[in-house]
Amino acid sequence: MDTHLVVGAGPVGTATALRLLAAGHRVRVVTRSGSGPEGAERVAADAADADRLAELAEGTVAIYNCVNPTYSRWEQDWPPVAAALLHAAETSGAVLATVGNLYGYGRVDAPMTEATPSTATGHKGRVRNAMWRDALAAHEAGRIRTFEVRGSDYLGGNSMLSYLVTPALRKGRRAFVPADLDAPHTWTCTEDVAALLVTGVYDERAWGRIWHVPSTAPLSIRELSAIAAGQLGVKPRLSSMPYAVLWAAGLVNPMAKELRETQHQFRRPFVLDSSAAQETFGLVPTPIDEAVRIDLAAGEPTGVKA
């Protein structure tokens with residue numbers, strides 16, 4: 001039985017902690033509020049507090065960076081958290097397993113592999129690229145052991161589906177989505193992110209590089225919504241929100257403003273190639289129907305979930 005430190009208790013952090021607990025490990029979950037899944041040791045702490053994080057990492061085999069700063073504050077909030085995580089990994093000797101994303105690739109014209117150039121011009125993509133460069137440099141210098149996993153837009157909670165589509169479907173209303181409704185798009189189940197994280201911690205082949213999370217074949221938001229509607233027993237009604245509307249909303253809404261940077265992901269094909277992780281580790285993605293079911297369960301209104 002090993003001890004693991006999971007920093008963050010969102011959908012991925014929770015899925016990772018539960019996977020580790022199910023395998024019989026001790027799990028320490030760190031959040032600002034002290035929240036986390038039942039069965040874990042839950043600690044209230046600031047992930048940017050380097051000394052405290054190093055103390056909590058002592059004696060652990062792995063640190064999982066599942067942090068999710070406020071979307072509009074990445075430039076301010078990520079650097080101190082990333083530095084604290086590197087410090088904790090170095091002082092403890094634990095493997096640092098980081099949950100990344102695809103922002104760093106910027107606009108793409110082909111399926112993304114781990115070798116796709118990091119050409120992002122937006123500030124969120126540049127922040128994530130700098131974090132990986134710093135972690136990789138520390139790894140190559142022998143100071144830490146680390147790897148990063150990258151998935152596409154999630155299914156399993158805090159997803160485009162759960163934020164913008166299913167609330168409208170549940171109420172019999174039309175959903176307005178800032179996307180090309182028919183552009184092929186890869187969706188990644190949070191359970192598969194957790195599976196790759198835990199697998200990589202115990203497999204030295206994972207260390208020192210990026211891995212794409214096993215994900216199913218791309219589906220348009222229209223196709224994905226049809227699956228969700230079928231499971232809810234309702235008729236899907238969708239409309240595409242023009243970019244001009246999103247841009248105008250960004251004048252008064254910080255979240256909408258931040259969404260401008262990643263609109264290329266939803267207005268054109270956005271496809272992830274995850275064959276490297278599948279072939280190397282023998283992992284397979286969660287079937288899309290099950291991934292949607294998990295997402296719907298995570299997004300059920302309070303008082304409805306069984």
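These legends walk through close-up views of a predicted model. Local features need pLDDT of at least 70, side-chain atom pairs count only at pLDDT 80 or more, and totals for chains, interfaces and linings use all residues. Residues are numbered from 1 along each chain as its sequence is written, and side-chain values use heavy atoms, leaving out hydrogens and water.

**View 1. An open, parallel sheet of 7 strands.** Strand order is 3-2-1-4-5-6-10; strands (E, at least two residues) and helices (H or I, at least four) are DSSP runs numbered from the N terminus, and pairing requires at least two DSSP bridges. At the edges sit strand 3 (41–44) and strand 10 (210–212), each pairing on one side only.

**View 2. Strand 2 (residues 26–31) beside strand 3.** The two pair in the parallel sense over 4 bridges. Look for V30 opposite V43 in strand 3.

**View 3. Helix 4 (residues 123–140) across the sheet strands.** This helix lies across strands 4, 5, 6 and 10, at about 150° to strand 6. Angles run from 0 to 180 degrees between N-to-C directions of axes fitted to C-alpha atoms, for helices over the stretch in contact; contact means heavy atoms within 4.5 Å.

**View 4. The second largest cavity, about 30 Å³ in volume.** A cavity is a set of points on a 1 Å grid over the protein atoms alone where a 1.4 Å probe fits but cannot get out, and lining residues have an atom within 4 Å of a point. Volume is the space filled by probe spheres set on the points, which are joined across faces, edges and corners. Strand 9 (187–189) gives the most to this lining, with 3 residues.

Methods: 1 Å grid on protein atoms, 1.4 Å probe; cavity = no way out; pocket = protein on both sides within 12 Å on 5 of 7 lines; lining within 4 Å.
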